[in-house]
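The report below takes up the nonpolar cores, a set of paired strands, a buried histidine site and a helix packing.

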Amino acid sequence: MKVFFGRTNPTTGSMEWLEEDEQYDYHQEIARSCYADMLHDKDRNVKYYEGIRAAVRRVKDRGQKALVLDIGTGTGLLSMMAVTAGADFCYAIEVFKPMADAAVKIVEENGFSDKIKVINKHSTKVTVGPDGDMPCRANILVTELFDTELIGEGALPSYEHAHRHLVQENCEAVPHRATVYAQLVESRRMWSWNKLFPVRVQTSLGEKVIIPPLDMERCPGAPSVYDIQLNQVSPADFTPLSSVLPMFSVDFSKQVSSSAACHSRQFEPLASGQAQVVLSWWDIEMDPEGKIKCTMAPFWAHSDPKGLQWRDHWMQCVYFLPQEEPVVQGAAISLVAHHDDYCVWYTLQRTCPEENETVHQMRPVCDCQAHLLWNRPRFGEINDQGRTDQYAQALRTALMPNSVCLCISDGSLLSMLAHHLGAKQVFTVESSAVSHKLMEKIFKANHLEDKINIIGKRAELLSSTDLEGKQVSLLLGEPFFTTSLLPWHNLYFWYVRTAVDQYLGPGAVVMPQAASLHAMVVEFKDLWRIRSPCGDCEGFSVHIMDDMIKYALDFRESKEAEPHPLWEYPCRSLSEPRRILSFDFQQLVPQQPLRAEGTMELRRPGRSHGVVLWMEYHLTPDSTVSTGLLKPTEDEGDCCWNPHCKQAVYFLSPTLDPKMLLGSPQAVSYAVEFHPRTGAVTMEFRLTDPPN
């Protein structure tokens with residue numbers, strides 16, 4: 001059965017209605033899931049297997065039957081491990097129906113249907129009793145309910161309910177315990193992901209400084225954790241102010257509470273500095289003795305840095321303190337970890353509160369609007385002074401004393417640059433209430449509320465009245481729009497440029513003048529794992545899961561490239577970067593599609609995991625801003641990516657053997673097409689023989 005659903009097209013800005021299969025959302029969830037990544041996590045799987053074997057053995061040694069409750073079973077892998085380890089029966093709980101259906105098939109194919117019952121319910125809906133889902137309580141609790149923050153997927157409420165209703169008192173639990181660690185650091189780079197720094201502009205009248213509003217400086221920030229691949233952050237980018245501190249532990253074999261709590265650790269700072277950021281991760285111990293441990297520690301805190309397991313489903317956490325605070329080397333201070341049932345946050349205390357004392361229990365909430373509009377990379381982009389200087393230099397070549405400037409970007413400071421650099425009149429379009437309110441505050445803090453006119457409507461709906469009857473001499477954009485997910489979604493600027501063409505005066509300048517789409521074939525160090533089939537996992541066949549993901553990837557949006565911040569995911573270029581399509585913003589959006597076909601020859605041996613795509617914006621003939629590759633690749637093919645943007649990755653084949661080395665020169669053929677009517681960019685890349 002087909003269903004219709006509506007969405008705003010991120011490129012054209014128009015509302016469109018699409019017909020999709022009724023299982024569309026399920027397929028998207030599966031296609032973008034981390035199931036493959038988890039199945040490839042050898043360290044996780046081996047440690048769980050060891051812990052399950054030990055737990056079953058302890059129960060058997062007591063002369064009891066081993067009855068296992070597996071919450072969030074997914075593929076059924078942990079239940080199959082338990083039965084193989086000697087468990088008498090397993091109750092495998094999975095709330096996501098497509099996954100529960102797959103688990104039933106996987107369990108059956110591996111020959112465990114008589115020992116494993118898959119229950120398609122949320123664990124809090126599972127019943128126990130003669131007519132219930134389980135005849136009696138289990139004595140072994142096995143779960144994998146964790147995210148990067150440990151508790152963000154509702155682990156605490158699920159454990160709390162399970163202990164009260166589904167498992168025996170003093171049951172065995174795998175994992176047995178989790179411990180959260182934290183390290184206080186000073187980092188200008190990471191702090192730039194959270195606060196607006198002063199922005200400096202060199203003008204003919206001297207230096208002008210754009211300052212943030214006072215309430216933005218005082219704002220505690222967004223309540224959400226920033227989860228990243230911390231191993232890709234250089235130690236030169238931060239100064240440790242504390243050693244690694246164990247903040248709190250959760251014993252999963254006993255009653256767990258989801259109530260709000262705080263945990264304090266007093267320490268003496270290792271150095272004097274500005275306390276800004278808390279880096280955090282956790283480990284899980286699979287046994288009561290703590291001999292079987294799985295850790296998320298970054299390389300500098302890891303016991304075996306060379307044996308570090310790469311994973312993307314569990315990373316590390318970056319938390320921002322509500323305000324930066326000075327600390328003095330050797331002067332004792334307390335770091336406090338707060339949590340409710342789903343979130344963790346941190347504060348500093350000059351005195352040491354008692355364990356679980358109710359202090360600053362309220363979760364931080366943004367009250368300045370900026371953290372609602374700008375995500376972490378966007379903060380970093382706005383704070384990039386080199387990028388600002390590049391736009392300012394381009395503006396100097398375009399602005400005249402009588403310039404009327406119209407800025408089209410969400411929550412952008414370009415309008416302020418244009419004013420300071422001499423534009424006679426500046427209009428900026430802010431279509432959302434949040435961006436409108438934020439920019440009003442920033443303009444007021446800089447005494448520009450009467451100098452820059454904010455137009456609070458969608459740019460396509462502009463009228464001559466909005467522009468006070470003026471003709472625009474400079475149409476300006478970064479471009480950046482909050483609705484953009486893939487690099488080419490910011491081509492919305494081109495559609496707006498077309499819509500406002502009637503308001504552009506003779507000889508009007510459009511900046512950027514043009515854009516181009518670029519592509520390059522790469523070999524990923526690790527990211528290929530998220531799309532690589534698993535086949536067998538610890539001796540169990542999971543090819544049904546592989547087939548399920550492959551089928552989900554056949555749906556329309558799943559065939560598109562995926563956004564990934566590649567500064568976190570190292571890769572090597574196998575081809576030279578290739579300009580695929582060009583977009584001339586000085587002209588209107590064309591009526592006919594733009595199409596390019598060709599071949600990219602592979603210059604280096606390696607595994608052709610995928611093609612990376614990005615946009616470049618040509619501000620002037622001599623000035624280009626890249627959202628992807630920042631400099632030519634090195635001799636070995638190592639890449640330097642723009643850290644403020646997500647690049648698009650087109651995985652060449654989900655069935656590509658990651659071990660296959662290219663034995664002879666090969667090439668990747670491409671066919672890429674831009675469809676003006678829908679704003680879509682469709683593409684196909686294939687491994688092929690090089691052209692003669």
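In this predicted model, the largest nonpolar core comprises 115 residues, and those with the most contacts inside it are Leu69, Phe146 and Tyr346. Strand β15 (residues 273–285) supplies the largest share of this core, namely seven residues. Separate from it is a second core of 52 residues, which includes Leu475, Val500, Met615 and Phe685.

Strand β6 (residues 138–143) is mostly covered, with six of its six residues buried. The pairings of β6 are set out in the table, each with a pair of residues that stand opposite one another.

| Strand paired with β6 | Sense and bridges | Opposite residues |
|---|---|---|
| β3 (residues 67–71) | parallel, four bridges | Asp70 and Val142 |
| β7 (residues 167–174) | parallel, four bridges | Ala173 and Leu141 |

His313 lies in the loop between β16 (293–295) and β17 (316–327). Is His313 buried or exposed? His313 counts as buried because its relative accessibility is 10%, and buried means under 20%. The side chain of His313 also makes a polar contact, at 2.9 Å, with the side chain of Asp41.

Turning to the helices, α5 (residues 97–109) packs against α15 (residues 543–552) at an angle of about 145 degrees, and their axes are 9 Å apart. On the α5 side the residues in contact are Pro98, Met99, Ala102, Lys105, Ile106 and Glu109, which meet His543, Ile544, Met545 and Met548 of α15. Sorted by class, this contact of α5 with α15 has seven nonpolar residues, one polar residue and two charged residues.

Note on methods
Residues numbered from 1 in each chain as written. Predicted model: local features only at pLDDT ≥ 70, side-chain atom pairs only at ≥ 80, totals over all residues. Heavy atoms only, no water. Axes fitted to C-alpha atoms, helices over the stretch in contact; angles between N-to-C directions. Helix = DSSP H or I, 4+ residues; strand = E, 2+ residues; numbered from the N terminus. Contact = heavy atoms within 4.5 Å. Nonpolar A, V, L, I, M, F, W, Y, C, P; charged D, E, K, R; others polar. Core = buried A, V, L, I, M, F, W, Y, C linked by side-chain atoms within 4.5 Å. Buried < 20%, exposed > 50% of the residue type's maximum accessible area, 1.4 Å probe, protein only. Polar contact = N/O pair within 3.5 Å; in protein donor to acceptor, adjacent residues only side chain to side chain. Pairing = 2+ DSSP bridges.
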